[in-house]
Each structure stands twice: as structure tokens, then as C-alpha cells.
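Me: Please take a close look at a single part of this structure and tell me how the rest is arranged around that part. I work in computational chemistry, so spell out your cut-offs as you go.

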Amino acid sequence: MPDTPCPCSPKKLLTNCCGRYHTGEPAPTAEALMRSRYSAFALGLTGYIRDTTRPDQQAGLDMQDIAGWSHSNQWLGLRLHRTGAAGMQPRREFVDFSAHYCDAEGKLHEHRELSLFVHLKGRWYFIQPD
Ligand SMILES: [Zn+2]
């Protein structure tokens, strides 16, 4: 569906935005990775959620839980609050954002999260909090 708007930004087309990263291009910034992971949640691309989590944490992910969270909510939009450096060697950045969604009972929610990302071998990865 080439003309589909991107879930992360209604003004952009999926193919020009997060779709590029879903099909293998490395996200150039932590913010771009966060956006593409949000869009993957909205589109049910749970494999992408796994693949963009820090490699040593991937095996420990609860994929059923991720799929349930992805499919049971209707994803309405994303708002970026701020982003910045969080360390070097390896490079880390934080992204503070809100995801807006509607749950199965029709209730609206704002999920605010301060996520941490790490740059390893040319790719950004999400660090799963302990
Ligand atoms: Zn996007």
C-alpha cells in the first residue's frame, strides 16, 4: 500500500518514512528508530520490535505480550517531547515521547515514555528497561 500515511506522522507517506526502516534500511537517529518502532506497533510488525531491541535482550522478550499490546490498541499518534545525548562508547541517546492510543474498551490513553537507545555496529537499538 504505497499511499498509506505513516502512523508516526499523518503528513508523511509510510514508504518515505518508517517503511524504509521496516524493510531493512538502518534508522539514522534514535528518534527515527523510536518513530519506526511506534509505527511497527501500529502496523503489527512485531518482528521489527524484536529486531530493533538491543541484541542481547532479544531472546528475553515476551513476544506474545508485545503482539497483544500491538493488536489490542488502536494507535492514534505520536508526540516527541525532547531527545538528547545519554552517553558515549557506545553512543546512547534518550527520546522522551508520548504515544496516544485507544484501548479495546474505547478509552483514550497517553503513554509517556523516556526511552534509551544505543548505537552498535551502525544501527540504533532500543534498550529494554530492566
Ligand atoms: Zn514514520
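Reply: Let's settle on helix H2, whose 14 residues reach 20 Å from the first C-alpha to the last, close to the 20 Å expected at 1.5 Å a residue. That expected span is 1.5 Å times one less than the number of residues in the helix. Helices (H or I, at least four residues) and strands (E, at least two) are DSSP runs, numbered from the N terminus. Please keep in mind that this is a predicted model: local features need pLDDT of at least 70, side-chain atom pairs count only at pLDDT 80 or more, and totals for chains, interfaces and linings use all residues. Residues are numbered from 1 along each chain as its sequence is written.

How enclosed is the helix? Of the 14 residues of H2, 12 are buried, so the helix is largely enclosed by the rest of the structure. Here a residue counts as buried if 20 or more other C-beta atoms lie within 10 Å of its own, exposed if 12 or fewer, and partly exposed in between, with C-beta atoms placed from the backbone. Among the buried residues of H2 are Leu33, Met34, Tyr38 and Phe41, and Arg35 and Arg37 are on that list too. For the protein chain as a whole, buried residues make up 25% of the 130 residues.

The nonpolar core comes next. A core of this kind is a set of buried Ala, Val, Leu, Ile, Met, Phe, Trp, Tyr and Cys residues joined through C-beta atoms within 7 Å. The largest one has 24 residues, and Leu33 and Tyr38 have the most contacts inside it. Helix H1 (18-22), H2, S4 and S6 are the elements that give two or more residues to this core. H2 supplies its largest share, eight residues. Leu33 itself touches Ala27, Thr52, Phe117, Trp124 and Phe126, leaving out residues up to four places away in sequence. Contact here means that the C-beta atoms of two residues, placed from the backbone, lie within 7 Å.

Now for the sheet. Four strands form an open sheet in the order S3-S4-S5-S6, with antiparallel pairing; two strands pair if DSSP finds at least two bridges between them. S3 and strand S6 (123-127) stand at the edges with a single partner strand each, so one side of each is left without a neighbour in the sheet. Neighbouring strands are turned by 30 degrees against each other on average, direction ignored. H2, which covers residues 30-43, packs on this sheet and touches S3, S4, S5 and S6, its direction making about 155 degrees with that of S3. For such angles, axes are lines fitted to C-alpha atoms, for helices over the stretch in contact, and the angles run from 0 to 180 degrees between N-to-C directions.

Within the sheet, S3 (residues 74-87) and S4 (residues 92-102) are joined by 11 bridges, and Arg82 has Asp96 in S4 as its bridge partner. These two strands form a hairpin with four residues between them. In that loop, a cis peptide bond with omega of about -5 degrees joins Gln89 and Pro90. Gln89 has a phi near 50 degrees, a positive value in a residue other than glycine. Most residues other than glycine have a negative phi, and most peptide bonds are trans. Gln89 is exposed, with 5 other C-beta atoms within 10 Å.

At the other end of the strand order, five bridges join S5 (residues 108-120) to S6, and Leu120 stands opposite Arg123 in S6. The loop between S5 and S6 holds Lys121, which has a positive phi of about 50 degrees although it is not a glycine. Lys121 is exposed as well, with 8 other C-beta atoms within 10 Å.

Back at the helix, Gly44 comes just after H2 and takes a positive phi of about 75 degrees. To place H2 in the whole, the protein chain has four helices and six strands, following the pattern β-β-α-α-α-α-β-β-β-β along the sequence. Of the contacts with a separation of 6 or more, 46% are between residues 24 or more positions apart.
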